[in-house]
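Colleague: Could you take me through one part of this model in detail, and then work outward from there to the surrounding elements? I would like a connected account, with the reasoning kept visible.

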Amino acid sequence: MLEYFNIAGCFLYSLIILAILRSNDKSFRTPFWIFFISGGVYGIYCVLAFDFDWSWDAQSAIVRRVTSTISALGHTIAKLYVAISRYAVLRSRYLTDNKWELTSIVALLAVQFLVPMLVCLPFAFVQPTGNGKEYGPNYLVDIVRIASAAFYGAYVIAGLVLTVLSMQRMRILMGIARRSKKKQTIRTVRKEAVITVYSSLLFLAHSLKSVQQIIFVVFASRTDLYHDAVALYPFINDVAVFSSPILLLLTSSQLRRLIRSYIRRPVTHPLFF
């Protein structure tokens, strides 16, 4: 049952990404939306890689493990980028999100791919260890697991700091807006407050997955805790991935208008063409 839900969720998530990419609205070309799209791509693959076991031997199991790790870490980096861009907007003079250089965004997207690749580098030296899907040596696999856990831990710390700073800054801006009594200022600050709440909830949802990944390493010798974490992973992974589009649809009137515009279009103008 969960597999069918994930397939439907990934399909709808993909449609949202395609709608944003096809939009002529330049406001969808800001860092926030770019990182939402990149995180969506990594997140969708992260879900599908877990649901479909295409590792029929040791070699394919290694490839699946590498691509799954890259997608999971890439998804985490995207969530960190969202937190960074949110704080940057709140610190900007006019609360703008379109002042980033294109080269900076491209560099960040490259880092989003290259860092997980470096974490998975030890897998280049593992070998099949008998029949089935086993591979080793174990110490190389452990290096990747420990590096991944450290990465998730760094995300939780950095994300927590950025979220707290963003909330504090938002409280200051709300006070300034109330004192100014200007309707446009109040409207702008309220809009940013909604996005800040979205970013904070996104951090909390992904922190669940991050903590679970850390448990995989720290409590690997505790069979009961380890197996409980494994059993909960599909659900926690879904929360981490699908919370992003669901929360954004709830908080972003801009995205809702875009989706409604596609729903109301004639059939002669399909989304894919």
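Modeller: Phe35 counts as buried, since its relative accessibility is 1%, and the residue is found in helix H2. As this is a predicted model, everything that follows is computed from predicted coordinates. Leaving aside neighbours within four places in sequence, Phe35 is in contact with Ala78, Tyr81, Val82, Ser85, Trp100, Ile105, Leu108 and Leu109. Leu201 lies 166 residues from Phe35 along the chain, and the C-alpha atoms of the two are separated by 16 Å.

The helix that carries Phe35 can be examined as a whole. Helix H2 covers residues 31-51, and its 21 residues should span 30 Å at 1.5 Å a residue, which agrees with the 30 Å between its end C-alpha atoms. Of these 21 residues, 16 are buried, so H2 is largely enclosed by the rest of the structure.

The same two checks can be made on helix H3. With 34 residues (58-91), helix H3 should span 50 Å at 1.5 Å a residue, and the 49 Å between its end C-alpha atoms agrees with that expectation. Because 24 of its 34 residues are buried, H3 is also described as largely enclosed by the rest of the structure.

From here the salt bridges are a natural next step, and the structure holds 2 of them. In one, Arg86 pairs with Glu192, and the closest N and O atoms are 2.6 Å apart. Arg86 lies in helix H3 whereas Glu192 lies in helix H6 (residues 183-218), so this pair ties together parts that are 106 residues apart in sequence. Both partners are charged side chains placed under cover: Arg86 counts as buried because its relative accessibility is 5%, and Glu192 counts as buried because its own value is 6%, where the cut-off for buried is under 20%.

The other salt bridge joins Arg145 to Asp142, with 3.4 Å between the closest N and O atoms. Here the partners are 3 residues apart in helix H5 (residues 138-180), and they are therefore separated by about one helical turn. An α-helix has 3.6 residues a turn, so residues three or four places apart point the same way. Arg145 counts as partly exposed, at 23% relative accessibility, and Asp142 also counts as partly exposed, at 32%.

Helix H5 also contains Arg169. Not counting residues up to four places away in sequence, Arg169 touches Leu90 and Arg91. Ser243 is 74 residues from Arg169 in sequence, and the two are 24 Å apart in space, C-alpha to C-alpha.

Returning toward the N terminus, Asn6 is found in helix H1, and at 1% relative accessibility Asn6 counts as buried. Its contacts, not counting residues up to four places away in sequence, are Val47, Asp51, Asp238 and Phe242. Ile7 is also placed in helix H1, which covers residues 2-22, but Ile7 is partly exposed, with a relative accessible area of 39%. Together with Tyr4 and Phe52, Ile7 makes a nonpolar surface patch of about 340 Å².

Tyr233 gives a further buried position to look at, in helix H7 (residues 223-251). The relative accessible area of Tyr233 is 10%, so the residue is buried. Beyond residues up to four places away in sequence, Tyr233 touches Cys46, Phe50, Lys209, Gln212, Gln213 and Phe216. Val115 is 118 residues from Tyr233 along the chain, and their C-alpha atoms are separated by 23 Å.

A word on confidence belongs with these details. The mean pLDDT of the chain is 87, and 93% of its residues reach 70 or more. Among the elements of the chain, helix H4 (residues 102-119) has the highest mean pLDDT, at 95, while strand S2 (residues 135-136) has the lowest, at 80. Where pLDDT is low, the predicted coordinates should not be read in detail.

Note on methods:
Residues are numbered from 1 along each chain as its sequence is written. Side-chain values use heavy atoms; hydrogens and water are left out. Patches are made of residues with over 30% relative accessible area and no salt bridge: like charges are joined within 9 Å, nonpolar side chains (Val, Leu, Ile, Met, Phe, Trp, Tyr) within 5 Å. Accessible areas come from the Shrake-Rupley method with a 1.4 Å probe; for residues, only the protein chains shown count as cover. A salt bridge is a side-chain nitrogen of Lys or Arg within 4 Å of a carboxyl oxygen of Asp or Glu. Helices (H or I, at least four residues) and strands (E, at least two) are DSSP runs, numbered from the N terminus. Buried means under 20% relative accessible area, exposed over 50%, partly exposed in between (1.4 Å probe, protein chains only). The expected span of a helix is 1.5 Å times one less than its number of residues. Contact means heavy atoms within 4.5 Å. pLDDT is the predictor's confidence in each residue, from 0 to 100.
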